[in-house]
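Good morning, and thank you for the time on today's agenda. I would ask you to keep the sequence and the structure in view while I speak.

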Amino acid sequence: MASATPSFELTYSDLPPLFHRAVAADPVANPAFVLRNEALAQQLGLDVEWLRSNDALQALAGNAPLPGATPVAMAYSGHQFGGFNPLLGDGRAQLAGEWLAPDGTRYDLHLKGSGATLFARNGDGRATLSAMLREYIVSEAFAGLGIPSTRSLAVVATGELVYRQRKEPGAVLTRVAKSHVRVGTFQLAAVNRDREALDALMTRELARNFPPAPEGLAPARHFLRSVAARQAKLIAQWMGVGFIHGVMNTDNMQVAGETIDFGPCAFMDKFHPEKVFSSIDHMGRYAWDKQPGIALWNLTRLAESLLPLLADEQEKAIEIAKEELALFMPAFEQHFEEIMRAKLGWRGADADDGERIASIFRLMMERGDDFTLFFRRLTRIAAGEAPEDEALAAWRERAGATPDVEAMRRANPIFTARNHRVEEALAAANDGDLAPTQRLLKVLAQPFRESPDDTDLESPPAPEEEVLQTFCGT
Ligand code: AMP
Ligand code: MG
């Protein structure tokens, strides 16, 4: 049966021109699918036959527009490692189209590596196959974990080489997100003192991704509160799986609450709260345990940007912003404790749980426990499948004779996208062998389920396999 060509939209272009720029097509020589996420296409109600077609290949390579959509590069500002840059944007990416799923959810299809835009500065507009596969693997790992995240629909090899430290095969990733509006997008309107644009951006984002404001709550206040609430939960979820984002700049924080921008991120192996992987994060600004504070810092930049909408008088607006931001840390702590109680199999809540959890992390740090394996072993201890650990007497005392093993199994993944396995898969893919990538993707789609044939993927790296650094958007 011949499939109907899906029709896309691009309503983002209805926003004031401040927020977007036209992009010229920059075709690639010889596109070929490397990965297609047919399961995701099905979830989106996007025709799988279309995704397999040459039309889709050309569109997802950036060689032809998606039917019904005229692509744009998105403009934004951003604090990067604390320094403000008033004008950034998609340098090597484009918002290619929006897909309205049958359930009414609007998804962005965003191409990364599709060519240089006005924001490319000196960049070539391209991306390496390994960096795009890395994002595909890690974002799909998030989907498996049930943590909000952008998704990956496809990786298309370009048939061209990209020049980095060495020549590497190039590729284009199709990223799917509920929005690509970031804290930095609001900063762009604010730095331009464009209240109308600011209001239009907020109104669109509210309508698209948030429930309506309750009676009596002003839209801007509702928006700030909702964005902060989602971030509080998201950061707690990251930390509960030992995830370090690595580059929490304000242009990499999406306001709808999905994890975005998988550059120098990593799942920790050996636990240390101050762990950093990013090659450019010399100060440990974005370390594992700094993430709640950084999220609040970023949300404070959002609140500042929203001041003109929060109240007519600035004094009053600042007061509202402060009241809303004050809710963040307690909300984060509540989510984090809740997540940790599930991971630890503790039933009910107790006022001393925060202190108990902190001492478990101290023990993990002192012993250099592997983050994922620690909780996996604990689940087995709780289930009576592994011997008791004397160092965990305090855990046992709180857990009692019958810890909540089912909650532990749902909260403690067996598989995470460990760096050494990801690197191994990417090296093979660069040599044309996709099997290790496919195998990783298979276990990461069901990370809580035992997979007897894949137990080698559970293990932490041997000392010589350890990946000490990860790199930004290469
Ligand atoms: P990223 O690390 O992917 O978040 O990129 C940071 C910023 O640099 C974004 O504005 C990108 O669009 C831009 N950028 C990164 N790599 C390139 C490239 N090869 N060509 C053009 N722009 C780039
Ligand atoms: Mg970015």
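I shall go through the ligand site, then the metal site, and then the internal cavities. Please bear in mind throughout that this is a predicted model.

Let me begin with ligand 1. Its shell consists of 13 residues, and the closest are Gly89, Gly91, Arg92, Asp124 and Gly125. Sorted by class, that shell has six charged residues, five polar residues and two nonpolar ones.

Which backbone atoms come within polar contact distance of the ligand? Gly89 places a backbone N or O atom 2.8 Å from an oxygen atom of ligand 1. At Gly91, a polar backbone atom is 2.6 Å from an oxygen atom of the ligand. Gly125 contributes a contact to a nitrogen atom of ligand 1, again through a backbone N or O atom, at 2.8 Å. As for surface, ligand 1 taken alone exposes 480 Å², and the protein buries 81% of that.

I turn now to the metal. Ligand 2 is a magnesium ion, and its coordination comes from Asn252 through OD1 and from Asp261 through OD, at 2.1 to 2.3 Å. Are these two residues buried or exposed? The cut-off for a buried residue is a relative accessible area under 20%. Asn252 has a relative accessibility of 10% and therefore counts as buried. Asp261 has a relative accessible area of 17%, so Asp261 is buried as well.

My last topic is empty space inside the protein. Rolling a probe the size of a water molecule over the atoms shows where such space is left. How many cavities of 30 Å³ or more does the structure hold? The count is three.

The largest cavity contains about 60 Å³ of space. Its lining includes Gln231, Leu234, Ile235, Trp238, Met248 and Met253. Asn252, which I named as a ligand of the magnesium ion, is also among the residues that line the largest cavity. By class, this lining divides into six nonpolar residues, four polar residues and one charged residue.

The second largest cavity has a volume of about 50 Å³. Val23, Ala24, Ala93, Gln94, Ser114, Gly115, Ala116 and Thr117 form its lining. Here the classes are four nonpolar and four polar, with no charged residues.

To close, I return to two points. The protein buries 81% of the area that ligand 1 exposes when taken alone, and Asn252 takes part both in coordinating the magnesium ion and in lining the largest cavity. Thank you for your attention.

Conventions
Residues are numbered from 1 along each chain as its sequence is written. Chains are lettered from A and ligands numbered from 1 in the order in which they are written. This is a predicted model: local features need pLDDT of at least 70, side-chain atom pairs count only at pLDDT 80 or more; totals for chains, interfaces and linings use all residues. Side-chain values use heavy atoms; hydrogens and water are left out. A residue is near a molecule or strand if one of its heavy atoms lies within 4 Å of it. A polar contact is a pair of N or O atoms within 3.5 Å; within protein, one must be able to donate a hydrogen and the other to accept it, and residues adjacent in sequence count only if both atoms are side-chain atoms. Accessible areas come from the Shrake-Rupley method with a 1.4 Å probe; for residues, only the protein chains shown count as cover. Ala, Val, Leu, Ile, Met, Phe, Trp, Tyr, Cys and Pro count as nonpolar, Asp, Glu, Lys and Arg as charged, and the others, Gly among them, as polar. Donors are N, O and S atoms within 2.8 Å of the metal (3.2 Å for Na, K and Ca); water is not among the atoms, so sites may look incomplete. Buried means under 20% relative accessible area, exposed over 50%, partly exposed in between (1.4 Å probe, protein chains only). On a 1 Å grid over the protein atoms alone, a cavity is a set of points where a 1.4 Å probe fits but cannot get out, and a pocket is an open set with protein on both sides within 12 Å along at least five of seven lines; lining residues have an atom within 4 Å of a point. Grid points are joined across faces, edges and corners, and a volume is the space filled by probe spheres set on the points.
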